[in-house]
Each structure stands twice: as C-alpha cells, then as structure tokens.
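I opened this structure for a first look and kept short notes. The entries follow the sequence and model shown here.

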Amino acid sequence: MHQSWTAVRTGSSVAAVRQHRKHTLLLCWPPYGDDAASYQVLRAYPGEMFIYAGQEAAGSVRFHRELALNWTVVEQVALPHWPQVPDSLLIYRRNAVRRRHQLRDRCLECGRFIATGSIGRCDWCFERRPPALALRTGRHRVEYPPDVVARMPSALRRAFEQSPNRIA
C-alpha cells in the first residue's frame, strides 16, 4: 500500500471553495455533466482569477456556458496530452458585469425544451421514433441512427448491443 504525501479529505467542492475564499480556484478535469463539480463550484467562487485544466468535454454544459458569458481567457498554455485529447491550461478573469444564462436546450426534432445539458431529442420523440441503437451515459442518452450503426466496426457494434447501458 502506498502512502499519500499529504492528508486527503473528502468533502463538497462548493464547501471547500467557500472555506478557502482567498485562494485561487483550480479545476482540473471536472467530471462530464457534473454540475456540482464544475458549475456550482465556479458560481460559489468569489475570486477574480480562475485556472482550468482540461478540455471542453469536461464539466457540465452550464459550466461552459458560465465561462463563455462571465469569464475571459487571459492566457492559454498547451499541455502534454494523449492523441485526440486537446488538453490545455486556461487562466480566466471574471468579467466586470455578470450576464444571466438565457439559452435553453431544445429537442433537435420537435423543438420542445429539454433539460440543460441534454443533447439530441426529447423523450417523446425518442419513444415515437426510436433510433437504431441508444445507450445511457449517466443521466443522458446517446442515440445512433441506422447509418452510423451500419458503419461501426462489428466488434464495437456487438459491444454496444450487449452493453448493460443499452436502452431497449
């Protein structure tokens, strides 16, 4: 068993930000779609400068909308990364005036409002016209139309079809 070089405590990210108000916030690869680990932390943070390591796929949709509306990149540094994973280190400065989120997500098929961060179609359209293949990923669903399924390598298609996350 390896020992940590420092004590590690578990807890809420928001509580940690509130407890250490005078420190600069560094978020590194917050989990995809996790508002509590990205958006809520950034909203609770009172500082003017913020450091983010990761890429656009990390964090929640609301987190990236908050960055786009209320923060400005002042410096960007490329990081060593895996192929096709463009990690970077971004240093942000809070904008002087806070703007409210006004963008709401809509179903790509019928135009109804759907939950923030949802991508694709609403449940009604999904039930009415199911895709060739669909997988559950957290609280979201990824849909694959017939032409995409037909082009998948056979091993990948079999793995998706046998996945416990497959939506029947």
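I looked up the sheet first, in what is a predicted model. I found an open sheet of 4 strands with mixed pairing, in the order E1-E2-E4-E3. I noted that E1 and E3 (71-78) are the edge strands: each has a single partner strand, so one side of each has no neighbour in the sheet. I read an average turn of 20 degrees between neighbouring strands, with direction ignored.

Next I checked how E1 meets E2 (residues 49-54). I found them paired in the parallel sense, over 4 bridges. I saw Leu27 opposite Tyr52 of E2.

I then asked which strands H3 lies across. I found that H3 crosses E1, E2, E3 and E4 (88-94), and runs at about 110 degrees to E3.

I picked out His64, which sits in helix H3 (residues 61-70). Leaving aside neighbours within four places in sequence, I listed Tyr52, Gln55, Glu56 and Ala58 as the contacts of His64. I noted 2.6 Å between a polar atom of the His64 side chain and the backbone oxygen of Ala58.

Last I turned to the largest pocket, which holds about 610 Å³ of space. I counted 20 lining residues, with Arg9, Ser12, Ser13, Ala16 and His20 closest to the pocket's centre. I found two or more lining residues from each of helix H1 (13-19) and strand E1 (25-28). H1 gives the largest share of this lining, 5 residues. Sorted by class, I have the lining as 10 nonpolar, 9 polar and 1 charged residues.

Terms used. Residues are numbered from 1 along each chain as its sequence is written. This is a predicted model: local features need pLDDT of at least 70, side-chain atom pairs count only at pLDDT 80 or more; totals for chains, interfaces and linings use all residues. Side-chain values use heavy atoms; hydrogens and water are left out. On a 1 Å grid over the protein atoms alone, a cavity is a set of points where a 1.4 Å probe fits but cannot get out, and a pocket is an open set with protein on both sides within 12 Å along at least five of seven lines; lining residues have an atom within 4 Å of a point. Grid points are joined across faces, edges and corners, and a volume is the space filled by probe spheres set on the points. Ala, Val, Leu, Ile, Met, Phe, Trp, Tyr, Cys and Pro count as nonpolar, Asp, Glu, Lys and Arg as charged, and the others, Gly among them, as polar. A polar contact is a pair of N or O atoms within 3.5 Å; within protein, one must be able to donate a hydrogen and the other to accept it, and residues adjacent in sequence count only if both atoms are side-chain atoms. Contact means heavy atoms within 4.5 Å. Two strands pair if DSSP finds at least two bridges between them. Axes are lines fitted to C-alpha atoms, for helices over the stretch in contact, and angles run from 0 to 180 degrees between N-to-C directions.
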